[in-house]
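Let's take a walk through this structure, starting with its overall build and ending on its surface.

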Amino acid sequence: MQYVDGFVVPVPKKNLAAYRALARKAGKVWREHGALEYRECVAEDVKPGKLTSFPQSVKLKPQETVVFSWIVYKSRKHRDRVNAKVMKDPRLAGMMDTKKLPFDGKRMIYGGFEMILKF
């Protein structure tokens with residue numbers, strides 16, 4: 001079964017165009033290095049909950065929105081191989097500098113997931 005890296009990111013609305021440009025570049029690099037899918041989605045119907053929610057999970061500020069994204073791989077091993085290549089790719093060198101990111105990387109949530117069901 002496939003493997004997925006998932007991300008939830010708070011992005012200032014004024015930085016959405018810059019985020020989209022960064023994501024477009026990153027998606028191209030991930031796909032070139034073997035990722036099966038690369039998806040980026042901006043919140044459209046995401047409300048704060050009573051106990052938890054996407055906005056609460058990233059401590060969303062008033063002028064921000066939530067971006068939910070995921071990358072699909074063949075397996076965990078495949079993910080590790082692809083990510084090793086991506087991290088060495090010079091096209092993304094600036095992306096690792098958290099001061100230049102169009103979002104607060106300290107509030108990003110991410111993790112790897114083993115897929116258990118696919119239709």
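## Overall fold

This is a predicted model, and its chain has 3 helices and 4 strands. Start at the N terminus and you'll meet the elements in the order β-α-β-α-β-α-β. The chain has a radius of gyration of 15 Å, close to the 14 Å that the globule rule gives for 119 residues, so it is as compact as a globular protein of that length.

Want a feel for the dimensions? Along the principal axes, the C-alpha atoms fill a box of roughly 40 × 35 × 20 Å. As for what's tucked away, 37% of the 119 residues count as buried.

## A positive patch

Now for the surface. Which residues gather in a patch of positive charge there? They are Lys-74, Lys-77, Arg-81 and Lys-85.

Take Arg-81 from that group: you'll find Arg-81 in helix H3, which covers residues 76–88. Its relative accessible area is 48%. Buried means under 20% and exposed means over 50%, so Arg-81 counts as partly exposed.

## A nonpolar patch

The surface has a nonpolar patch too, made by Val-46, Phe-54 and Phe-68. This patch comes to about 230 Å².

Where does Phe-54 sit in the chain's secondary structure? Phe-54 is part of helix H2, residues 54–57. And how much of Phe-54 is accessible? Its relative accessibility is 37%, and because that value lies between the 20% and 50% cut-offs, Phe-54 is classed as partly exposed.

Terms used: Residues are numbered from 1 along each chain as its sequence is written. This is a predicted model: local features need pLDDT of at least 70, side-chain atom pairs count only at pLDDT 80 or more; totals for chains, interfaces and linings use all residues. Side-chain values use heavy atoms; hydrogens and water are left out. Patches are made of residues with over 30% relative accessible area and no salt bridge: like charges are joined within 9 Å, nonpolar side chains (Val, Leu, Ile, Met, Phe, Trp, Tyr) within 5 Å. Accessible areas come from the Shrake-Rupley method with a 1.4 Å probe; for residues, only the protein chains shown count as cover. A salt bridge is a side-chain nitrogen of Lys or Arg within 4 Å of a carboxyl oxygen of Asp or Glu. Lys and Arg count as positive and Asp and Glu as negative; His and the chain ends are not counted. The place of a charge is taken as NZ of Lys, CZ of Arg, CG of Asp or CD of Glu. Helices (H or I, at least four residues) and strands (E, at least two) are DSSP runs, numbered from the N terminus. Buried means under 20% relative accessible area, exposed over 50%, partly exposed in between (1.4 Å probe, protein chains only). The radius of gyration is taken over C-alpha atoms; the globule rule is 2.2 Å times the number of residues to the power 0.38.
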